[in-house]
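Please look through the sequence and the structure shown here before reading on, and keep both in view while following the explanation.

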Amino acid sequence: MAMKLENVVPFGRSYDEYRLMFALSEEDLDKKIISVADAPAAFSVSMKKRGSRVISANPLYIFGIDDIERRFYKALDEVIGQVRDSPGGWIWAMR
């Protein structure tokens, strides 16, 4: 069963998920990074906290924090429901 969402959903990934997904080394993290269409990901915030140079660009950022949070919670039940309905359709990789 393929996951299908009717709208853009403001879900992001954690700093560790981004590092694994893009195989980012410590050297990579010291470079200038642009994170495009990353939703409200924790990656950019974590990078800023460590003093790294990162820019996040996403159409979602036209909305304010409260509206993004509202959209997230509105979509949450649908996304979790689809994950529960198709547990074999996901790759759960942890290192």
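Which residues of α3 are buried? In this predicted model, the buried residues of helix α3, which spans residues 42-49, are Phe43, Ser44 and Met47. These buried residues cover an arc of only 95° around the axis, and therefore they lie on the same side of α3. On that side they pack against α1, α2 (26-29), β1 (33-36) and β2. After α3 comes Gly51, whose phi is positive, near 85°.

Two of these buried residues, Phe43 and Met47, also belong to the largest nonpolar core, which is made up of nine residues in all. Its other members are Tyr15, Tyr18, Leu24, Leu29, Ile33, Ala41 and Val54. The elements that give two or more residues to this core are α1 (15-21) and α3 (42-49).

To see how parts of the chain that are separated in sequence meet, it helps to follow Ile33, a member of this core. Leaving aside its neighbours within four places in sequence, Ile33 is in contact with Asp28, Phe43, Met47, Arg53, Val54 and Ile55. Among these partners, Phe43, Met47 and Val54 are members of the core as well.

Ile55, another partner of Ile33, is found in strand β2, which covers residues 54-57. With a relative accessible area of 57%, Ile55 counts as exposed, because this value is over the 50% used as the cut-off. Together with Ile34 and Val36, Ile55 forms a nonpolar patch on the surface, and the accessible area of the three residues together is about 330 Å².

Methods: Residues are numbered from 1 along each chain as its sequence is written. This is a predicted model: local features need pLDDT of at least 70, side-chain atom pairs count only at pLDDT 80 or more; totals for chains, interfaces and linings use all residues. Side-chain values use heavy atoms; hydrogens and water are left out. Patches are made of residues with over 30% relative accessible area and no salt bridge: like charges are joined within 9 Å, nonpolar side chains (Val, Leu, Ile, Met, Phe, Trp, Tyr) within 5 Å. Accessible areas come from the Shrake-Rupley method with a 1.4 Å probe; for residues, only the protein chains shown count as cover. A salt bridge is a side-chain nitrogen of Lys or Arg within 4 Å of a carboxyl oxygen of Asp or Glu. Helices (H or I, at least four residues) and strands (E, at least two) are DSSP runs, numbered from the N terminus. Buried means under 20% relative accessible area, exposed over 50%, partly exposed in between (1.4 Å probe, protein chains only). A nonpolar core is a set of buried Ala, Val, Leu, Ile, Met, Phe, Trp, Tyr and Cys residues joined through side-chain atoms within 4.5 Å. Contact means heavy atoms within 4.5 Å. The arc is that of the directions from the helix axis to the C-beta atoms.
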